[in-house]
Each structure stands twice: as structure tokens, then as C-alpha cells.
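Thanks for coming, everyone. Let me put the structure up, and then we'll walk through it.

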Amino acid sequence: MKFIFTESGYQLFRYRGRSVLLCCVSLLLCGCIAFYLGSLSSNRRALETLGENTPAKVRISNVNADTFDDMTIAYTYGDLLEMLGVGRVVATCQAGGYYSAESQEALNTAHEEMVRQMEERESDWVYVSTYMPEGDVHIYGVTNFEATGLGWAGDVTLGEGYDLSLLEGDEPLCLISDKMSQSTGLEIGDTFTMPVCFLQFTSSFGVGKAFSYMNEYSFTVAGTYPARIETIHPADMYLPLDWLRDRLKEDQPENPFTYSSYTGYLADSMKLNEFKDSLKDCGLGQPFFLPTGEMFVSLVSARTIYMDDEEFIRSAEKLGASIRQYEMFLAPFFIVVVFLVTMSIFLVLRGCRRDMAIACSLGRPKVVTAAANLMAALSAQLLGALLAVPVSMLLTGVGFGTAMLVCGAFMLCALMGDIVGLIMLLRFDALALLTAAQ
């Protein structure tokens with residue numbers, strides 16, 4: 001055995017050209033394996049992260065699925081969707097603010113009249129309107145900056161110590177338009193107080209606005225934005241939706257909170273079919289869904305799910321097809337690699353057949369001769385495979401673990417190819433070969 005190691009080392013360094021050639025062939029084949037496995041791995045990672053990069057979108061609309069804003073969406077639907085698997089929520093609600101003295105006077109008059117009528121009514125069956133006049137500050141409660149529709153965050157001027165995550169909190173911090181800032185004299189960092197009424201949309205044949213009195217609150221201006229920016233949710237003032245919802249629950253517990261728009265992204269879009277199945281029992285229908293027994297349906301009452309998942313499904317199907325193709329040709333690909341190794345070892349060692357024949361004629365078993373040549377070949381191929389590790393990581397972007405897997409896969413192919421190649425080389429008659437050589 002010691003002699004075999006000595007002979008293999010001798011062949012490795014004595015025939016440097018042959019060793020360099022085997023090393024280069026190994027480096028090339030390792031690169032091919034790295035590109036193949038790297039492509040398969042990248043497609044799998046892309047499919048796994050598809051739900052994060054291109055998540056399926058869920059929107060609540062009216063019964064005709066033609067309106068997604070200025071609706072009355074029960075908070076229970078939003079809570080239910082989050083329980084079913086909706087992750088990031090982009091939702092809004094609306095309210096009216098009363099900043100000027102004129103609007104506050106009109107609000108106070110309407111509120112006092114409502115209180116008076118409720119105190120004087122003889123029975124609870126007597127209807128008293130609780131709706132207030134519209135204010136002079138249009139307010140949007142939003143779950144995050146995306147819900148404002150302002151687009152680029154660079155257009156917003158924020159005060160020191162503030163960032164746009166303030167809209168995701170529950171503090172009375174607000175963004176106001178530069179138009180409101182100029183008309184009221186408010187600047188970043190100022191605190192002001194004004195009454196607020198919660199806005200809900202009503203009517204079965206049109207869109208009506210119903211303002212319900214909440215209370216008077218203090219707000220801090222955390223930033224401003226240009227009023228000229230076009231947005232689907234134009235407002236004079238943006239507030240955290242959670243803050244507005246909590247205040248409504250405290251000050252108007254009899255008035256349930258409603259969203260005016262609701263969009264959600266599935267936390268795990270790979271479970272899209274399971275999510276759709278779970279919608280059947282939650283009271284939310286598909287577009288053109290008409291509840292049984294209802295003759296008239298409100299145009300602003302939202303209980304219809306609109307799934308915006310075409311892009312996700314198309315991308316998932318494309319990635320899935322690519323992965324299946326790579327996996328389908330994985331075995332044939334490695335068979336080709338083994339074949340190329342066999343051909344390379346056969347062609348490179350073909351010139352050594354005379355030396356092998358001499359050794360065999362002197363009584364040395366072919367197995368021992370094959371073992372020495374096999375170890376020499378594997379040593380050169382291992383060097384090439386190890387050189388391919390950093391090259392693969394640099395050119396294909398695979399990780400160290402994948403690069404080592406490529407190295408191991410190639411060495412297994414090399415072992416199989418070398419054995420087959422040596423079997424082909426050693427199928428000779430020593431006497432006939434030596435006689436022909438002379």
C-alpha cells in the first residue's frame with residue numbers, strides 16, 4: 001500500500017503536463033456543475049421568497065368590485081383577514097377636523113342641538129340624527145406611509161427625531177399639507193387642539209357622508225408634505241389609524257369603527273389556495289356576490305374580496321416550471337459529467353498503456369496498477385475541484401456550502417469516471433501490446 005502511494009505521487013509530479021490537464025478539466029467541469037446547481041438553487045430561493053417580493057394582494061371592495069375607496073368596511077372583516085393570514089395591511093379610515101372658529105361654531109351648534117333633542121325625546125324610538133356638519137380639515141387615518149399614496153418619501157419634510165414610522169404608531173402625531181400649514185400658521189413641532197368627527201359613508205343609491213362627533217384632541221405636527229402631489233387619498237392631515245381607532249372606541253363605543261379602504265398582503269402567499277378556501281366561511285364573497293334574500297345592496301357597504309394575485313401565480317408557475325426542468329435533467333447532466341471524466345481519463349492516460357503493460361508483464365496485478373493511476377488522477381482532480389470553490393463562489397454567487405457540495409459531487413463523478421476509464425484502458429493483452437509497440 002505504501003508503494004502505491006509512492007507511485008501515485010511519482011506519477012502526479014513526474015507527468016506534470018498530464019496532471020495540469022486533469023486539473024484544468026476538473027476546474028471546468030466543476031464550474032459547469034456550479035452553474036447548474038447554482039441556477040437550481042437560485043430558482044428555489046426565488047420561489048421561497050416570492051411571497052415577500054411579489055405577495056398576493058387582498059382588497060375589500062363593494063359588491064360590484066368597482067370601488068375600493070370611500071366605503072364602509074366593518075372592522076371585523078379586517079381583523080378576520082389578519083387572522084386568516086393577511087400580513088402587511090395598507091388601510092385607511094377618514095375623519096373631519098374643525099380648526100377654524102367658524103367650523104367649530106357650526107359643530108358646537110349641531111352638537112348642542114343633538115344633545116337637546118336626545119334629552120327632550122319621549123322615547124328611544126324617536127329618531128335623533130347624530131350626524132355633524134363637515135369640517136374644514138380632511139383627515140385620513142392610515143396604517144403606514146404607503147396608505148397615504150404620496151409616493152416618494154423624500155417629498156415629506158419631517159421634524160428632528162421623527163420618521164415615517166410614526167404613522168404606524170398610536171400617538172397623536174400628524175403630517176399636514178403645506179397648504180394647511182400656510183393657512184393656519186402651523187409649523188413642524190407645533191401642538192394644536194381641534195374637535196374631530198369620525199367619517200363614515202352611507203346610502204344605497206349614492207355616496208353620502210356621515211360625521212359622528214368624537215371629542216376634542218391635541219395633535220403635534222411631525223412633518224409636512226406638498227399638497228400638489230396627486231394621491232388616491234388626498235387629505236389635509238394624516239394620522240395613525242390605530243390612534244384614531246382607539247379614540248373612537250373610548251369616546252364613541254356605540255359607534256363601531258369602519259375602514260374606508262382595506263388592502264392586505266398575504267404573509268405566506270404560498271398558502272394562497274388555503275387562504276381562498278378559508279374565505280368561504282367568513283362572510284366575504286367574490287366579485288358580483290349578492291347575499292341571499294337581499295334585494296337592494298348599498299354601493300358603499302364593502303363585503304367583497306378582490307384577489308390581486310395574477311402576478312404572483314404567473315411568477316410562481318414560471319419558477320416552478322424552471323425548477324422542474326432543472327430537476328428533470330439533473331440525473332442526465334451528471335451522467336454527461338461522468339462520461340466526460342471517463343473520456344478525459346481515457347485520453348490522458350492512453351499514452352501510459354505501455355508502462356502499464358510492462359508492469360503487468362513483470363507480474364504486477366492490474367488492480368494495483370489501476371489503483372496507483374486512480375489515486376494520481378483523483379489527486380489532480382481534487383486540486384482542480386478545490387480551485388473551483390472560490391471561482392464558483394465569485395462567478396456564480398453560490399455560498400461556501402453549495403460550492404463544497406459542488407466539489408463533493410464532482411469528486412463522486414470523477415471517481416466513477418476514472419474507474420470506468422481505467423477499466424477501458426486495462427483491457428489489453430500485455431504481450432500483444434508490447435509486441436505491437438516494438
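I'll take the pockets, then a strand, then the rings, then two loops.

A word before we start. This is a predicted model. Keep that in mind throughout.

Pockets, then. How much volume does the largest pocket have? About 260 Å³. Its lining includes His111, Met114 and Met118. Thr130 and Tyr131 line it too. So do Gln200, Ser212 and Tyr213. Gln252, Glu254 and Asn255 complete the list.

Which elements supply that lining? Two of them, α5 and β9, give at least two residues each. On the sequence, α5 covers 101-120 and β9 covers 208-225. The top contributor is α5, with three residues. By character, the lining of the largest pocket has four nonpolar residues, six polar and one charged.

Now the second largest pocket. Its space comes to about 220 Å³. It is lined by 16 residues. Closest to its centre are Arg59, Val90, Ile232, His233 and Thr263. Hold on to Arg59; we'll meet that residue again with the rings.

Here the strands to look at are β1, residues 57-61, and β12, residues 261-266. Each supplies at least two residues of this lining. The most comes from β12, with four residues. The lining of the second largest pocket splits into seven nonpolar, four polar and five charged residues.

Next, one strand in detail. Find β8, residues 191-202. Is it mostly covered or mostly open? Mostly covered: nine of its 12 residues are buried.

What does β8 pair with? One partner is β3, residues 86-97. The two run antiparallel and are joined by four bridges. Take one of them: alanine 95 has phenylalanine 198 of β8 as its bridge partner. Another partner is β9. That pairing is antiparallel as well, over 12 bridges. There, threonine 202 faces glycine 208 of β9. And remember that β9 also helps line the largest pocket.

On to the rings. How many aromatic pairs does the structure hold? There are 14. I'll show you two.

Start with phenylalanine 198 and phenylalanine 257. Their centres are 5.7 Å apart, and the planes meet at 40°. That makes a tilted pair. In sequence the partners are 59 residues apart, so this pair links distant parts of the chain. Phenylalanine 198 sits in β8, while phenylalanine 257 sits in the loop between α7 and β11. Are they buried or exposed? Phenylalanine 198 has 0% relative accessibility, so it counts as buried. Phenylalanine 257 is at 6%, and that is buried too, because the cut-off is under 20%.

The second pair is tyrosine 225 with tyrosine 238. It is tilted too, with 5.1 Å centre to centre and 50° between the planes. Tyrosine 225 belongs to β9 and tyrosine 238 to β10, so the pair ties together parts 13 residues apart in sequence. Both tyrosines are buried.

There is a cluster to point out as well. Tyr99, Phe192, Tyr217, Phe219 and Trp243 form one aromatic cluster.

Now charges over rings. Back to arginine 59: it lies over the face of phenylalanine 68, 3.9 Å from the ring centre. Then there is arginine 88. Its charged end sits over the ring of tyrosine 265, at 4.2 Å from the centre.

Last topic: two loop residues.

Aspartate 70 first. You'll find it in the loop between β1 and β2. What is its phi near? It is near 55°, a positive value in a residue that is not glycine. For context, most residues other than glycine have a negative phi. Aspartate 70 has a relative accessible area of 32%, so it counts as partly exposed.

Then alanine 153. Its loop runs between β5, residues 137-142, and β6, residues 157-158. With a relative accessible area of 35%, alanine 153 is partly exposed. How far is it from leucine 164 in space? The gap is 8.1 Å, C-alpha to C-alpha, with their positions 11 residues apart in sequence.

To recap: the largest pocket takes most from α5, and the second largest takes most from β12. Strand β8 is mostly covered and pairs with β3 and with β9. That's my tour. Over to you.

Note on methods. Residues numbered from 1 in each chain as written. Predicted model: local features only at pLDDT ≥ 70, side-chain atom pairs only at ≥ 80, totals over all residues. Heavy atoms only, no water. 1 Å grid on protein atoms, 1.4 Å probe; cavity = no way out; pocket = protein on both sides within 12 Å on 5 of 7 lines; lining within 4 Å. Points joined across faces, edges and corners; volume = space filled by probe spheres on them. Nonpolar A, V, L, I, M, F, W, Y, C, P; charged D, E, K, R; others polar. Buried < 20%, exposed > 50% of the residue type's maximum accessible area, 1.4 Å probe, protein only. Pairing = 2+ DSSP bridges. Phe/Tyr/Trp six-rings, centres within 6.5 Å; stacked < 30°, edge-to-face > 60°. Lys NZ or Arg CZ within 6 Å of the ring centre and 35° of its normal.
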